[in-house]
Structures are given as structure tokens and as C-alpha cells.
Amino acid sequence: MVNPMEPPVSPALAEQDVPALVATLAERLQARGWMMATAESCTGGLIAGACTDLAGSSVWFERGFVTYSNAAKTEMLGVDAALIEAHGAVSEPVARAMAEGAIARGAPARAAVAVTGVAGPAGGSPDKPVGTVWFGWSVDGQVRTERRRFDGDRATVRAATVHYALQTLVQLLAR
């Protein structure tokens, strides 16, 4: 479920491009002495790629899990196969389990972002149309999840997912 206690993303963060978000993310993680991990399905490693585009990211970026298949989610992140069977890969419980798995298997990471969605052009359903993405963020043991739907083609959905994942993590680290 969406955590209603979190404020919406600030307009200033929404306007930042991905390299600027990553720079801000790096500053916030380093200020805490933390590392982060990613667990990605529909983005196929684009979030980790954006993070590691910044020189010196090894100081704050621990690892990225690309778990495109359901089997990979189970094997690499410990997501219960029964959870995927019951709710589908694109769901709140799976996004939450992916974020928790990234922390559990990405030690010493204390922050993580997970994404699972339908980037298209095919694969959508009435319940989960193309552009539907579930996010999970874990920050110091607290997990937040959220569902978003992005319009556009596959590249646009994936780019929007990367941007939103990063800007929300930056915001959560500001608390």
C-alpha cells in the first residue's frame, strides 16, 4: 500500500534531472555514512547505472540486483514464490519484498529502492495497464511502497521510473 504519511515529492526535486538527483543522493548518503542497493525488474539496471555514472559512487553505492524474472526475484532477493503467485510480480507485496531483500542481501546497505512494473508495449492487463510500476524504498529499516502509472512508450516509462525512484529516495533521506 501507499504510505499516506509521506509528503509528495517536492517540486524542486521533480524538476532535477537524473544526474542532479544522483549527486544529491550521493551527498545525502555520504552525510550519513550509508550505502545503498537497488532491486530492479522493469528498469533492468538503469537505476544502478544512473548511480554508478557518478564518479566515486563506490563510496555510497553497494550493489544492484537486476531481477527481471520471477525466479531471479526469488533466488537473488528471497522474494517468496508464493507471494509472486498470489499477487503477481507487479504488486505492492512484491515491491516491498524486493526492497527488503535488497537490504538483507546487500549488506551493508541501509537504503534501497526496488521497482517492478509493466514497461510495455505489451504485457499490460486491465488491473495493471502498461506504465504501471510498484516502487519500494527501504531507509534504515522503514519501508515505503507506492504505485504509479506513467504514460508513454517503453523508454519513457522506464526513464520516468528511474527519475521517480531516485527523487523519492532523495526525499526520504532528507528526513
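Which residue just after α4 takes a positive phi? I went looking, and G78 is the one, with a phi of about 80 degrees. A reminder to myself before going on: this is a predicted model.

**Entry: helix α4**

Since I was there already, I looked at α4 itself, which spans residues 70-77. Its buried residues are A72, K73 and L77. They sit on the same side of α4, because the arc they cover around the axis is only 105 degrees. Next I checked what lies over them. The cover includes β1, β2 and β3, along with the helices α5 (81-87) and α6 (92-105).

**Entry: strand β1**

β1 turned up in that cover, so I turned to it next. The strand runs over residues 36-40, and five of its five residues are buried. I wanted to know about each face. M36, T38 and E40 are on one side, A37 and A39 are on the other, and all of them are buried. Both faces are covered, then.

Which strands does β1 pair with? I found β2 (residues 61-66), running parallel to β1 and joined to it by five bridges. I also found β3 (residues 111-117), again parallel and again over five bridges. T38 makes a handy marker here: its bridge partner in β2 is G64, and its bridge partner in β3 is V113.

I also traced the path from β1 to β2. With helix α3 (residues 46-52), the two strands make a β-α-β unit, and it is right-handed.

**Entry: M36 and the cores**

M36 got a page of its own. Leaving out residues up to four places away in sequence, I listed what M36 touches: L25, L29, C51, W60, F61, E62, R63, A109, A111, V113 and L169. I noted that a second, separate core of 15 residues includes A39, V79, I84 and A89.

Back to M36 and the largest nonpolar core, which has 32 residues. Which members touch the most others? They are L25, L29, M36, W60, F135, L166 and L169. I then looked at where the core's residues come from: α2 (18-32), α3, β3, β4 (132-139) and α7 (154-173) each supply at least two. α7 gives the most, with nine residues. As a background note, nonpolar side chains tend to be buried together in soluble globular proteins.

**Entry: aromatic pairs**

How many aromatic pairs does the structure hold? I have six written down. One of them is F135 with Y164, an edge-to-face pair at 5.2 Å centre to centre, with 65 degrees between the planes. This pair links distant parts of the chain: F135 is in strand β4, Y164 is in helix α7, and they are 29 residues apart.

Are these two buried or exposed? F135 has 0% relative accessibility, so it counts as buried. Y164 comes out at 7%, so it counts as buried too.

Y164 has another partner, W137. Their ring centres are 6.1 Å apart and the planes stand at 65 degrees, so I logged this pair as edge-to-face. W137 lies in strand β4 and Y164 in helix α7, so the pair ties together parts that are 27 residues apart in sequence. Both W137 and Y164 are buried.

My last jotting is about how these rings group. F135, W137, F150 and Y164 form one aromatic cluster.

Definitions and conventions
Residues numbered from 1 in each chain as written. Predicted model: local features only at pLDDT ≥ 70, side-chain atom pairs only at ≥ 80, totals over all residues. Heavy atoms only, no water. Buried < 20%, exposed > 50% of the residue type's maximum accessible area, 1.4 Å probe, protein only. Helix = DSSP H or I, 4+ residues; strand = E, 2+ residues; numbered from the N terminus. Pairing = 2+ DSSP bridges. Right-handed = clockwise from strand over helix to strand, strands pointing away. Arc of directions from axis to C-beta. Contact = heavy atoms within 4.5 Å. Core = buried A, V, L, I, M, F, W, Y, C linked by side-chain atoms within 4.5 Å. Phe/Tyr/Trp six-rings, centres within 6.5 Å; stacked < 30°, edge-to-face > 60°.
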